[in-house]
Amino acid sequence: MTTKEPPLSGVKVLDLSMLLPGPLCSMYLGDMGAEVIKVENPRAYDATRAMGKKGEFPGLFYMLNRNKKAITLNVKKKESQEILYRLLENTDILLEGFRPTALAGMGIGYEDLHKRFPRLIYCGIYGYGDSGPYRDFAGHDANYLALSGVLGLSGESGRGPSLWGAQIADIGGGSLTALSGILAALYCREKNGYGQKVDVSMMEGSLQFAALYWGTYLSTGKLPERGKELLSGKLPNYSIYQTADKRYVVLAALEERFFRAFLRQASIALEYPIQEEYYKPIRQQIAEYFSGKTCEEIEGLFHNPECCLSLIKTFAEVLQDPHLQERGVIFSQQDSRYGKVTQIASPFRFSASQLHYMGEPPTHGQHNQQVYQSLGYTQEQIQEWEKKRII
């Protein structure tokens, strides 16, 4: 049975976070049907509204903030506390990404709010978590990857570590870890009736990306070597090669049967047996094959289901990918300000529920009147708060 109702319909979220990890998490909740209210300081909006812009279109903000309402509230002002309490009366989830002690110092941390709202699920996305010697350290994606050991694995053998090309810790260790914790806390509340705190450490979340190597290290005591592990450069059949037209492809034929399927389809007769002592000349032979072929000449290999060969695509090519388009991952949304806007869907599929992508990202404080009046505040009160810069 299929219903058009999203899986989190009826759930309410108050999002105090900014930039990437928190807003991406709350957008996923919104895509799943939750009502998300984004809270920004009246004088300092989310920086992603201005980052990565070309002209007037805030592309980065758009990627992180659809399906949300936006209000302004200066939570640092004492007068805002009662307003926040009113907002939280019917809120299921509060999401924040400040330093662990920031809101507690204002009297609105988890312990304060849990006493007043015992059913509230409070999620904090922190660099290092809500305890431990690193708790109050500032940090960014690269710091979390460095301290979790993941950054040390990146790059080529014989060279120093290289920065990852995407925000692994922010999204994998932050956004998705927080989302998982929030959904588990919601399920737990269904059973016992109580909310709780979800303490997310982006450093700890990053540890999980090296699970394969941690398993080996804890079993053997052998440290993984950058660029020399089976899946990071050692295997010639799991490696990157350059073509004659200066493009790059990745061969990821890990199992021997897939590797032999690739060799057969490419008409490559290996001069050496597939053994570790011959990896170097095998790699050279494969590299020579690709360096003599253009992408057009090996197009058939990309589409062979057994070859495990992929073109390393540009963003422009990804947007035209027929597989992503057929599954609705790449879609267009009509925006009242910017016209037709390309969007990337949430990576979730449900057999009996449907995600929704109707809400375009809000302007700064766009829903102040709607939200505050729905709480019972008058127009005069709202105007007075604006004068005092409370909202």
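Where is Leu8 found relative to β1? Select Leu8 to begin, and you will be in the segment before β1, where helices (H or I, at least four residues) and strands (E, at least two) are DSSP runs numbered from the N terminus. The model on screen is predicted, so that local features need pLDDT of at least 70 and side-chain atom pairs count only at pLDDT 80 or more, while totals for chains, interfaces and linings use all residues. Residues are numbered from 1 along each chain as its sequence is written, and side-chain values use heavy atoms, with hydrogens and water left out.

**Stop one: Leu8**

Leu8 is buried, its relative accessible area being 10%; here buried means under 20%, exposed over 50%, and partly exposed in between, with a 1.4 Å probe and protein chains only. Show next the residues that Leu8 touches beyond its neighbours within four places in sequence, namely Leu29, Met32, Gly33, Ala34, Leu183 and Leu186, a contact being heavy atoms within 4.5 Å. If you then add Phe137, which is 129 residues from Leu8 along the chain, you will find 34 Å between the two C-alpha atoms.

**Stop two: a surface patch**

Move to Leu19, in the loop that lies between β1 (12-15) and α1 (21-31). Leu19 is partly exposed, with a relative accessible area of 41%. Adding Met51, Leu60, Met63 and Ile344 to the selection completes a nonpolar surface patch, which has about 370 Å² of accessible area together. Patches are made of residues with over 30% relative accessible area and no salt bridge, with like charges joined within 9 Å and nonpolar side chains (Val, Leu, Ile, Met, Phe, Trp, Tyr) within 5 Å; a salt bridge is a side-chain nitrogen of Lys or Arg within 4 Å of a carboxyl oxygen of Asp or Glu. The areas come from the Shrake-Rupley method with a 1.4 Å probe, and for residues only the protein chains shown count as cover.

**Stop three: a three-stranded sheet**

Select β7, β8 and β9, which form in that order an open sheet of three strands with antiparallel pairing; two strands pair if DSSP finds at least two bridges between them. At the edges are β7 (238-242) and β9 (309-311), each pairing on one side only. From one strand to the next, the twist averages 25°.

Between β7 and β8 (residues 248-252) there are five bridges, and Tyr238 has Ala252 in β8 as its bridge partner.

**Last view: the whole chain**

Zoom out to the protein chain, which has 17 helices and 11 strands, and in which 42% of the 391 residues count as buried.

Methods:
Axes are lines fitted to C-alpha atoms, for helices over the stretch in contact, and angles run from 0 to 180 degrees between N-to-C directions.
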